[in-house]
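Please open the structure in a viewer and keep the sequence panel visible. The stops below are arranged so that each selection leads to the next.

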Amino acid sequence: SEFDHTKVPFEFLTHLAHAFVRPDPSGELVVPPGFLYPELNAAAHARGVKVLLSVGGGGNSGGFPGASGTAGNRARLIGRLVDFCRANAYDGVDLDWEFVSDAEERAAFTLLAEELAAALKAQSPPLLLTMAAPANHFHGRWIDFERLAGAFDLIGLMTYDYHGRWSSHSGHNAPLYAWPGDACGSLDEGLRYARGRGIGPGKILAGLAFYGRSFDCGGLGLPFTSSEYWPYADVMRLPEAEWELVWDGVAQVPYLRRRDGGRIISFDDMRSIALKCQHVKDQGAAGVIIWELSQDLRAGRSELLEIVGKSFGAR
């Protein structure tokens, strides 16, 4: 209702991941009320943009262990996904299990991905399989990337959420480079991790955050008690009289510091997005993924997405 298909700047996109449906533990596909949006699919296809059915997501993945844990449940889920894509003009499936968490789930995910890839490729025309993937070893150890790299057409690394309410200190939500001594990660480290796990650069997509996170402390690397989610457009509405913009030359991203010293907000702006896109190109990766498209709309323009599109050759 706030960001419909008429507002999507398709000229800066190649794929849309329509989020989210989810599996239940028996392998049935749960489709939220009002999810189907044929006008979006039609508008995207008219502009040459593929639309993927995104399955799972943060807080929405509890059915995956059961759905992938037996051959029968996997077959049921895969059948439901293929039928849904064919019936509703989707170009493939984006798997977003957040997160595979132990050896048993690792084995089940491997079988699910391989069997789903085979079913999608058997369609005419073949359908795509992509993935929203962890970008470091904490969750990545439970994904058999070395075996599965061939099953996926593209693997989107979630190179964001490096600091937030779960971290022991304040820090950048999505740094290009990590601070020395900070083991929480960065986009650059995520790309190197993926290559080290056997994913060819032509399948790697780096994640861009069109949002930031606040911390109720006076600077980076400090203890805090609360952290909140901030869409880019909301960050840019904050009054300059109350907030100071700081550029971190190490991390190559900005942050805002409240002038009374009580809060900071880590976020990405047009400068840092451009630097990240250039880094992705320099590393020979395939492109980027974005969470998510409505958050950078200001005065009728998708400011950050326009930088992304032009960085990769859109006119």
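Two strands are said to pair if DSSP finds at least two bridges between them. Strands (E, at least two residues) and helices (H or I, at least four) are DSSP runs, numbered from the N terminus. The model is a predicted one, in which local features need pLDDT of at least 70 and side-chain atom pairs count only at pLDDT 80 or more, whereas totals for chains, interfaces and linings use all residues. Residues are numbered from 1 along each chain as its sequence is written, and side-chain values use heavy atoms, with hydrogens and water left out.

**Stop 1: strand S7 and its partners**

Select residues 204-209, which form strand S7. Are the residues of S7 buried or exposed? Six of its six residues are buried, where buried means under 20% relative accessible area, exposed over 50%, and partly exposed in between (1.4 Å probe, protein chains only). One side of the strand carries Ile204, Ala206 and Leu208, the other Leu205, Gly207 and Ala209, and both faces are covered.

Next, add strand S13, residues 287-291. S7 and S13 run parallel and are joined by five bridges. To place one of these pairings, label Ala209 and Trp291 in S13, which is its bridge partner.

Now add strand S6, residues 154-157. S6 pairs with S7 in the parallel sense over two bridges. Ile155 has Ile204 of S7 as its bridge partner, and Gly156 has Leu205. Between these two strands the chain passes through helix H7 (residues 187-196), and this β-α-β crossover is right-handed. The term right-handed applies if, with the strands pointing away from the viewer, the path from the first strand over the helix to the second runs clockwise.

**Stop 2: strand S6 and strand S5**

Keep S6 selected and colour its two faces separately. Leu154 and Gly156 lie on one side, Ile155 and Leu157 on the other, and these residues are all buried. Then extend the selection to strand S5, residues 128-133. S5 runs parallel to S6, with four bridges joining the two. Opposite Leu157 of S6 stands Ala133.

**Stop 3: the nonpolar cores**

A nonpolar core is a set of buried Ala, Val, Leu, Ile, Met, Phe, Trp, Tyr and Cys residues joined through side-chain atoms within 4.5 Å. Which residues have the most contacts inside the largest core? They are Leu53, Val93, Phe109 and Phe152, in a core of 76 residues. Helix H4 (residues 103-121) gives the most to this core, contributing seven residues.

Centre the view on Val93. With contact taken as heavy atoms within 4.5 Å, and leaving aside neighbours within four places in sequence, Val93 touches a set of residues including Leu52, Leu53, Val55, Leu81, Leu116 and Leu128. Apart from the largest core lies another, of seven residues, among them Cys217, Leu220, Val246 and Ile264.

**Stop 4: salt bridges**

A salt bridge is a side-chain nitrogen of Lys or Arg within 4 Å of a carboxyl oxygen of Asp or Glu. A search of the whole structure finds 17 of them.

Select Asp161 and Arg213, whose closest N and O atoms are 2.9 Å apart in a salt bridge. Asp161 lies in the loop between S6 and H7 and Arg213 in strand S8 (residues 211-215), so this pair ties together parts that are 52 residues apart in sequence. Asp161 is partly exposed at 28% relative accessibility, whereas Arg213 is buried at 8%.

Move on to Arg257 and Glu244, which meet in a salt bridge of 3.2 Å, N to O. Arg257 belongs to strand S11 (residues 253-258) and Glu244 to strand S10 (residues 243-248), 13 residues apart. Arg257 counts as partly exposed at 25% relative accessibility, and Glu244 is likewise partly exposed, at 31%. Then select Glu242, Arg258 and Asp260, which are linked in a network of salt bridges.

**Stop 5: Glu306**

Finish at Glu306, which is found in helix H10 (residues 303-311). Why does Glu306 count as buried? The assignment follows because its relative accessibility is 16%. Its side chain meets that of Arg301 in a salt bridge (3.1 Å, N to O), and Arg301 is partly exposed at 43% relative accessibility. The side chain of Glu306 also makes a polar contact with the side chain of Lys310 at 3.0 Å. A polar contact is a pair of N or O atoms within 3.5 Å; within protein, one must be able to donate a hydrogen and the other to accept it, and residues adjacent in sequence count only if both atoms are side-chain atoms. Leaving aside neighbours within four places in sequence, Glu306 is in contact with Phe12 and Arg301.
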